[in-house]
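Trainee: I would like a close look at a single part of this model, with enough of its surroundings described that the part can be placed in the whole.

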Amino acid sequence: MTATLTPPSRVDDPLPPSRTGNLNKPHYGTHLFLLVMAAMWLLPLVWTLFTAMRPKADTDKYGYFSFGGAFNFDNFSNAWVQAGLAKYFVNSVIITVPTVLLTLVFASMMAFAVSRFTWRFNVTLLIMFTAGNLLPPQVLAAPLFSMFKFFPLPLSISDSGNLLNTYYSVIMVNTAFQIGFCTFVLSNYMKALPVELTEAALVDGASVFRQYTSIILPLCRPALAALATLETIFIYNDFFWPLLFIQSGDRLPVTTGIKNLQGQFFSDYNLIAAGATFTIIPTLIIYLALQRHFVAGLTLGASKG
């Protein structure tokens with residue numbers, strides 16, 4: 001009696017008919033849903049750009065929901081000069097760059113501690129960091145304002161004598177509120193990394209800090225790139241905290257500074273739309289530049305474990 005052996009299936013063998021049928025089946029409902037969501041997402045942006053390219057006189061004559069009149073870029077040049085957007089862009093960089101760097105450094109350290117070491121208060125500490133994101137930031141506005149007002153600083157550091165009207169206040173608050181989210185994401189990512197990596201490094205005599213800097217951080221580069229993209233967009237677009245803590249108009253970031261285009265008794269919404277369009281450009285450039293790393297970080301983080 002001879003036994004017949006079935007050859008193992010190859011990777012390039014065709015899929016079963018049931019599976020190929022599901023792959024080739026058109027998904028009209030999904031495509032329709034995505035098209036509707038994309039249109040709803042892009043409509044405000046397209047309408048803002050459309051309004052920014054129309055003179056206010058034509059808008060007053062034909063109405064905002066019309067297509068009559070001329071189209072030009074005069075509002076963009078006027079908004080750039082009248083609002084002093086170049087100065088506000090510099091302020092945004094001064095606030096955003098240190099905040100993103102501090103957030104990622106502190107969050108990665110905390111994530112390394114709670115993911116690679118087992119101790120009594122491991123989970124408790126992680127919950128404490130992430131629980132802060134459940135509280136609306138506006139609830140802490142009054143206490144934080146009072147704390148910063150009565151926190152003395154030398155006049156050489158702050159011309160107000162306290163933390164108010166300084167970049168430090170906005171950087172500190174944004175860093176504190178973003179650490180929890182980044183710690184949660186990075187800790188889950190680090191838990192998926194093989195424990196044998198740090199164990200082998202420990203056997204070779206590597207210190208804890210060396211394990212963190214030379215082994216874990218390079219492996220978390222996709223996750224760090226994805227978080228850097230998200231955090232840059234979050235912090236750059238922040239309107240509330242700079243408006244609360246900074247009283248000097250020349251220190252406001254660009255997202256808050258464009259309110260200078262709004263007059264006390266009269267508002268040129270075409271001019272404001274042009275200024276708002278300028279604020280979109282940096283985040284769009286950052287996303288397009290880091291898009292590959294952003295998508296890689298999300299997909300790798302989802303497939304690990």
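How many helices and how many strands are there in the chain, and, with that as background, which residues make the nonpolar surface patch, and what lies around them?

Mentor: This is a predicted model, and everything that follows should be read in that light. The chain holds 15 helices and zero strands. Of its 305 residues, 35% count as buried, and the accessible surface of the chain comes to about 18900 Å², with 70% of that area belonging to carbon and sulfur atoms. Among contacts between residues at least 6 apart in sequence, 71% join residues at least 24 apart.

The part you ask about is a nonpolar surface patch of about 720 Å², made by W41, L42, L45, V46, I280, L284 and L288. Two helices, α2 (residues 28–52) and α14 (residues 269–289), each supply at least two of the patch residues, and the largest share, four residues, comes from α2. On the α14 side, L284 can serve as an example: this leucine is placed in helix α14, and it counts as partly exposed because its relative accessibility is 48%, which lies between the limits of 20% and 50%.

Helix α14 also carries T277, whose setting is of another kind, for T277 counts as buried, its relative accessibility of 13% being under the 20% limit. Leaving aside residues up to four places away in sequence, T277 touches T48, L49, A52 and F76. One of these partners, F76, leads on to an aromatic cluster, in which ring pairs link F73, F76, W80, F89 and F278.

A search of the whole structure finds 14 aromatic pairs. One pair that can be described in detail is formed by F112 and F117, whose ring centres are 5.5 Å apart and whose planes stand at 80°, so the pair is edge-to-face, the angle being over 60 degrees. The two partners can also be set side by side for their exposure: F112 is buried at 5% relative accessibility, whereas F117 is partly exposed, with a relative accessible area of 33%. A ring also takes part in an arrangement with a charge, in that the charged end of K87 sits over the ring of Y88, 5.3 Å from its centre.

Two further sites round out the description. A141 is placed in helix α7, which covers residues 141–149, and it is buried because its relative accessible area, 10%, is under 20%. Its contacts, not counting residues up to four places away in sequence, are with F240, W241 and L244. A141 and W241 are 100 residues apart along the chain, yet their C-alpha atoms are separated by 8.3 Å.

The second site, N165, is in the loop between α7 and α8, the latter helix covering residues 167–191. Most residues other than glycine have a negative phi. The phi of N165, by contrast, is near 65°, a positive value in a residue other than glycine. N165 also counts as buried, at 9% relative accessibility.

To return to your request, the patch is made by residues that include W41 and L42 as well as I280 and L288, with α2 and α14 each supplying at least two of its members, while T277, also in α14, is buried and touches, among others, T48 and L49.

How values were computed:
Residues are numbered from 1 along each chain as its sequence is written. This is a predicted model: local features need pLDDT of at least 70, side-chain atom pairs count only at pLDDT 80 or more; totals for chains, interfaces and linings use all residues. Side-chain values use heavy atoms; hydrogens and water are left out. Buried means under 20% relative accessible area, exposed over 50%, partly exposed in between (1.4 Å probe, protein chains only). Contact means heavy atoms within 4.5 Å. Rings of Phe, Tyr and Trp (its six-membered ring) pair if their centres lie within 6.5 Å; planes under 30 degrees apart count as stacked, over 60 as edge-to-face and the rest as tilted. A charge sits over a ring if NZ of Lys or CZ of Arg is within 6 Å of the ring centre and within 35 degrees of the ring normal. Patches are made of residues with over 30% relative accessible area and no salt bridge: like charges are joined within 9 Å, nonpolar side chains (Val, Leu, Ile, Met, Phe, Trp, Tyr) within 5 Å. Accessible areas come from the Shrake-Rupley method with a 1.4 Å probe; for residues, only the protein chains shown count as cover. A salt bridge is a side-chain nitrogen of Lys or Arg within 4 Å of a carboxyl oxygen of Asp or Glu.
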